[in-house]
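Grab a coffee and work through these exercises with the model open beside you. Each one comes with a worked solution.

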Amino acid sequence: MTHADGIMLIAQISDTHVQMPGGKLDRNYATAAHLERAVEHLNGLERQPDVVLLTGDTVDEGTAQEYGRLREILSDLKPPLYVIPGNHDNREELRRAFANDGYLPRDGFLHYTVEDWPVRLIGLDTHVVGEHGGALCRERLEWLGARLQESPARPTVVFMHHPPFRVGHQLMDEMGLEPDSVAKFEQVLSCHKQVHQVIAGHLHRPVITRFAGTVASVCPSTAQQLALDLPPLRRLATVMDPAAATLLFWDEQSGTLVHHLSYIDERPTHLLNDGGGWLDNEPLPPGFHS
Ligand SMILES: [Fe+2]
Ligand SMILES: [Fe+2]
């Protein structure tokens with residue numbers, strides 16, 4: 001599908017970690033309520049995203065009940081949704097939960113392509129059962145190579161859970177994508193120039209870097225974020241930094257894909273100046289005024 005204005009908008013949310021009521025993350029981070037807020041945010045965007053990608057750690061413990069709760073919240077989302085697994089997911093439960101949407105393979109890895117839009121989307125499954133780190137084994141890399149080979153001229157976005165690069169956070173790097181997978185993934189991408197961006201999750205922080213001749217980025221969580229602890233600090237500390245969705249803006253005319261962050265803030269976004277003049281809004285909360 002192509003819009004008359006030649007624009008495609010891809011939204012990404014990540015690491016929703018939905019739990020059942022009373023669970024540790026539900027109590028401390030209100031992950032389900034934060035996802036509800038994210039859904040509301042995406043539905044309320046002036047320009048509706050054409051698709052929403054949820055890049056793993058969709059639930060926290062991988063139970064059927066959690067997937068039930070996740071589905072219920074996501075059922076309010078207006079654009080079509082595509083999901084891939086993270087280390088907190090259970091591949092089979094996720095497959096069952098989203099089976100009716102028709103895009104997930106019936107068996108094997110949960111990777112697939114979405115062909116309906118000007119930008120082709122390739123979802124990768126980096127999940128390794130029982131591990132927090134991720135991998136792309138030979139079967140998954142061959143599948144990816146074959147998919148890229150079949151449509152070399154189409155602009156493409158690859159989405160996955162584990163970022164394919166070291167981020168500088170020691171503990172997260174130790175539970176990142178396994179180094180041999182990174183090297184081989186890099187080789188595959190280097191042979192296929194149509195990939196405009198690789199987008200990932202897992203880190204619970206916004207990150208962007210150059211990788212394999214393309215751009216690679218990480219979307220924050222919709223709920224709790226990871227404290228930015230660079231070496232020598234070595235800990236997994238969480239903070240309630242602003243949640244955000246990534247919005248990838250594809251402009252057919254110029255052939256560019258632009259990365260935006262759309263904050264999902266506690267305070268409802270309101271205009272202070274609509275471009276024509278100042279509006280009669282309270283500009284800042286108490287404490288900010290001189
Ligand atoms: Fe996560
Ligand atoms: Fe993760």
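Before starting, one cut-off: a residue is called buried when its relative accessible area is under 20%. Keep in mind, too, that this is a predicted model.

**Exercise 1. Decide whether Thr-156 counts as buried or exposed, and list what it touches.**

Solution. Start with the location: Thr-156 sits in strand S6. Next, look at accessibility. Thr-156 has 0% relative accessibility, so it counts as buried. Finally, the neighbours. Leaving out residues up to four places away in sequence, Thr-156 touches Val-119, Arg-120, Ile-122, Leu-148, Gln-194, Val-195, His-196 and Gln-197.

**Exercise 2. Work out which residues hold the iron ion (ligand 1), and what kind of site they make.**

Solution. Step one, pick out the donors: Asp-15 (OD), His-17 (NE2), Asp-57 (OD) and His-204 (NE2) coordinate this ion at 2.1 to 2.3 Å. Step two, read their spacing along the sequence, which is D-x1-H-x39-D-x146-H. Step three, check the angles. The four donor atoms give 86 to 175 degrees, and the site is irregular. Step four, ask about burial for two of the donors. Asp-15 is buried because its relative accessibility is 0%, and His-17 is buried too, with a relative accessible area of 4%.

**Exercise 3. Do the same for the iron ion (ligand 2), then find the residue that coordinates both ions.**

Solution. First, the donors of the iron ion (ligand 2) from the protein are Asp-57 (OD), Asn-87 (OD1), His-161 (NE2) and His-202 (ND1), at 2.1 to 2.3 Å. Then the geometry: angles among the four donor atoms run from 87 to 161 degrees, and this site is irregular. Now for the shared residue. Asp-57 coordinates both the iron ion (ligand 2) and the iron ion (ligand 1), which lie 3.6 Å apart. Last, place the two histidines. His-161 is in the loop between strand S6 (156-159) and helix H6 (170-174), while His-202 is in the loop between strand S7 (195-200) and strand S8 (207-211), 41 residues apart. Both His-161 and His-202 are buried.

**Exercise 4. Find which residues touch the most other members of the largest nonpolar core, and see what Leu-35 packs against.**

Solution. The largest nonpolar core has 47 residues, and Ile-10, Leu-35, Phe-98 and Leu-121 touch the most other members. Zoom in on Leu-35: not counting residues up to four places away in sequence, Leu-35 touches Ile-13, Thr-16, Val-18, Leu-70, Ile-73 and Leu-74. Another core lies apart from the largest one; it has 26 residues, including Trp-143, Met-172, Phe-185 and Ala-212.

Note on methods. Residues numbered from 1 in each chain as written. Chains lettered and ligands numbered in written order. Predicted model: local features only at pLDDT ≥ 70, side-chain atom pairs only at ≥ 80, totals over all residues. Heavy atoms only, no water. Core = buried A, V, L, I, M, F, W, Y, C linked by side-chain atoms within 4.5 Å. Buried < 20%, exposed > 50% of the residue type's maximum accessible area, 1.4 Å probe, protein only. Contact = heavy atoms within 4.5 Å. Donors = N, O, S within 2.8 Å, 3.2 Å for Na, K, Ca; no water. Tetrahedral: all angles 85-135°; square planar, octahedral: opposite > 155°, others 65-115°. Helix = DSSP H or I, 4+ residues; strand = E, 2+ residues; numbered from the N terminus.
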